[in-house]
Amino acid sequence: MRSSIEHALPWTRHWGCRAAPQHRTPGAAAMLRYLPFLLVLALWIYTFVDCLNTPENEVRGLPKLAWVFVILLFGEVLVGPVAWLIAGRPRRRAVTAQREGRWVAPDDNPDFLRSLNRDKD
């Protein structure tokens with residue numbers, strides 16, 4: 001007569017004769033089903049951190065706090081993060097470093113290039 005455990009788990013009946021079932025490790029195909037979720041999560045986190053690090057006066061369209069709520073509320077369906085990247089994120093300027101007086105590489109600094117020409121003469 002079988003005990004309730006042997007009835008529910010037949011492989012426990014004969015420990016010496018039958019081994020426990022082997023667990024298969026998931027292959028690459030099984031792991032690919034998690035990839036879309038991870039990509040959405042990565043985009044969601046990137047846009048949230050980007051929005052938080054952007055100065056208030058550079059945000060376009062809505063106030064910064066509104067963009068944070070849009071990204072958080074609509075991030076799972078990608079509407080919030082894509083809207084931030086298209087409409088809310090500040091446009092990057094190529095020559096902002098020279099205008100703001102920050103350090104500029106010598107190859108990009110026109111004053112330095114002029115001084116080289118003067119030294120040659």
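**Helices α4 and α5 and one salt bridge**

Me: Leu65 and Leu73 are exposed on the other side of α4. What arc do the buried residues of α4 cover around the axis?

Reply: This is a predicted model, in which local features need pLDDT of at least 70, side-chain atom pairs count only at pLDDT 80 or more, and totals for chains, interfaces and linings use all residues. Residues are numbered from 1 along each chain as its sequence is written, and side-chain values use heavy atoms, without hydrogens and water. Lys64, Trp67, Val68 and Ile71 are the buried residues of α4 (buried: under 20% relative accessible area; exposed: over 50%; partly exposed: in between; 1.4 Å probe, protein chains only; helices: DSSP runs of H or I, at least four residues, numbered from the N terminus). They lie on the same side of α4 because their arc (directions from the helix axis to the C-beta atoms) is only 105°.

Me: Which helices are among what covers the buried residues of α5?

Reply: In α5 (residues 79–88), the buried residues are Gly80, Pro81, Trp84 and Gly88. Their arc is within 100°, so they line one face of the helix. The cover over them includes α3 (35–53) and α4 (64–73).

Me: Which helix gives the largest share of the largest nonpolar core?

Reply: The core has six residues: Cys51, Val59, Trp67, Val68, Ile71 and Trp84 (a nonpolar core is a set of buried Ala, Val, Leu, Ile, Met, Phe, Trp, Tyr and Cys joined through side-chain atoms within 4.5 Å). The largest share, three residues, is from α4.

Me: Which side chain of opposite charge is nearest to Lys64?

Reply: Lys64 is buried and has no salt bridge (side-chain nitrogen of Lys or Arg within 4 Å of a carboxyl oxygen of Asp or Glu; Lys and Arg count as positive, Asp and Glu as negative, His and chain ends not at all). A polar atom of the Lys64 side chain is 2.9 Å from the backbone oxygen of Leu52 (polar contact: N or O atoms within 3.5 Å, one able to donate a hydrogen and the other to accept it within protein; residues adjacent in sequence count only if both atoms are side-chain atoms). At 5.4 Å, the nearest side chain of opposite charge is Glu56.

Me: How many residues apart in sequence are the parts that Arg89 and Asp50 tie together?

Reply: The structure holds one salt bridge, between Arg89 and Asp50 at 3.1 Å, N to O. Arg89 is in the loop between α5 and α6 (96–100) and Asp50 is in helix α3, so the separation of the parts tied together is 39 residues.

Technical notes. Helices (H or I, at least four residues) and strands (E, at least two) are DSSP runs, numbered from the N terminus. Contact means heavy atoms within 4.5 Å.
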